[in-house]
Amino acid sequence: MNIFISGTNTGVGKTIISAWLAIQLNAFYFKPIQTGNPTDTEIIKSLSDVKIYQEIFKYENPLSPHIAARIENNPINISKIISFFNSSILSSVSKHTIIEGAGGLLTPINEELFMIDLIDKLNIPMILVTTNELGAINQTLLSLEALRFRNINILGVIINNISNNNINNRDSIEFYGKINILAEFPYLQSINKLELEKILLTNNTNKIFTAYYK
Ligand SMILES: Nc1ncnc2c1ncn2[C@@H]1O[C@H](COP(=O)(O)OP(=O)(O)OP(=O)(O)O)[C@@H](O)[C@H]1O
Ligand SMILES: C[C@H](N)[C@H](N)CCCCCC(=O)O
Ligand SMILES: [Mg+2]
């Protein structure tokens with residue numbers, strides 16, 4: 001099963017959640033578009049032994065992909081990602097691949113396309129990562145609207161307690177978003193392979209994969 005991990009914003013924990021899912025599912029990891037250093041791929045390598053596909057577009061500038069591509073004179077051609085996906089990932093024997101986006105859904109890729117269009121063209125289901133921060137209810141509901149407008153298959157939302165605060169957005173996101181909360185991921189004092197291995201997949205997350213194999 002190939003799953004796209006996107007988020008309500010940059011810095012919400014897409015990479016940490018991707019590392020966790022890849023470890024628990026023994027999945028491959030793929031970050032097609034990377035800006036800035038350290039790269040998410042390097043972070044995944046430091047947190048796990050999962051197999052990794054090389055980025056297709058990688059930029060030094062820690063900026064929006066459309067700007068980093070312009071500055072570094074390497075425009076993003078989405079068909080390069082799609083053909084790599086179809087030739088390598090779709091035909092791979094691996095059970096699962098976790099594909100992480102850059103930034104949020106309407107983060108621009110070039111003058112025509114956004115990150116959400118990459119999900120649409122890859123035609124794979126996605127998981128939306130949000131947080132337990134003030135403001136995340138609005139960001140999550142807006143992201144869900146954008147995804148539903150394009151009929152993208154949303155497997156559910158993972159709420160990442162990135163700030164270790166006592167705000168809990170679960171009930172509001174579930175009620176107003178009419179969406180499956182797959183997991184509430186805890187704040188981690190230290191982030192390493194052992195800590196990620198200890199956090200087992202929730203029933204709601206497991207259900208996705210058992211349903212897939214029916
Ligand atoms: N559950 C958590 N507990 C503690 N720290 C966290 C947690 N989730 C994420 N972080 C920290 O928050 C920061 C952002 O996380 P991460 O890099 O996963 O975000 P991202 O959405 O992948 O960002 P980008 O858009 O750059 O890919 C990192 O420093 C990460 O270690
Ligand atoms: C540099 C950062 N860590 C991410 N790789 C890219 C975030 C781009 C966000 C663009 C935007 O939507 O404002
Ligand atoms: Mg990331």
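This report describes the magnesium site, the annotated residue Lys31 and the surroundings of ligand 1. The structure is a predicted model.

The magnesium ion (ligand 3) has three protein donors, namely Thr15 through OG1, Asp40 through OD and Glu100 through OE, at 2.0 to 2.2 Å from the ion. Along the chain, these donors of the magnesium ion (ligand 3) are spaced as T-x24-D-x59-E. Thr15 belongs to helix H1 (residues 14–25) and Glu100 to strand S6 (residues 97–100), so this pair ties together parts separated by 85 residues in sequence. Thr15 and Glu100 are both buried.

Lys31 carries the annotation "active site" in an unreviewed UniProt entry. Lys31 sits in the loop that joins strand S2 (28–30) to strand S3 (33–35). With a relative accessible area of 4%, Lys31 counts as buried, the cut-off being under 20%. Leaving aside residues up to four places away in sequence, Lys31 touches Asp40, Thr41, Glu55, Ile56, Glu100, Gly101 and Ala102. Among these contacts of Lys31 are Asp40 and Glu100, which also serve as donors to the magnesium ion (ligand 3).

Ligand 1 is surrounded by 18 residues, and the closest are Thr10, Lys14, Thr15, Asn160 and Leu188. Helix H1 supplies the largest share of this shell, three residues. Polar contacts of ligand 1 are listed below.

| Protein atom | Atom of ligand 1 | Distance |
|---|---|---|
| Lys14, polar side-chain atom | oxygen | 2.7 Å |
| Asn160, side-chain N or O atom | nitrogen | 2.8 Å |
| Ile16, polar backbone atom | oxygen | 3.1 Å |

On its own, ligand 1 has 630 Å² of accessible area, of which the protein covers 74%.

Note on methods. Residues are numbered from 1 along each chain as its sequence is written. Chains are lettered from A and ligands numbered from 1 in the order in which they are written. This is a predicted model: local features need pLDDT of at least 70, side-chain atom pairs count only at pLDDT 80 or more; totals for chains, interfaces and linings use all residues. Side-chain values use heavy atoms; hydrogens and water are left out. Donors are N, O and S atoms within 2.8 Å of the metal (3.2 Å for Na, K and Ca); water is not among the atoms, so sites may look incomplete. Helices (H or I, at least four residues) and strands (E, at least two) are DSSP runs, numbered from the N terminus. Buried means under 20% relative accessible area, exposed over 50%, partly exposed in between (1.4 Å probe, protein chains only). UniProt positions are given in the numbering used here, feature names are shortened, and annotations may be inferred rather than shown by experiment. Contact means heavy atoms within 4.5 Å. A residue is near a molecule or strand if one of its heavy atoms lies within 4 Å of it. A polar contact is a pair of N or O atoms within 3.5 Å; within protein, one must be able to donate a hydrogen and the other to accept it, and residues adjacent in sequence count only if both atoms are side-chain atoms. Accessible areas come from the Shrake-Rupley method with a 1.4 Å probe; for residues, only the protein chains shown count as cover.
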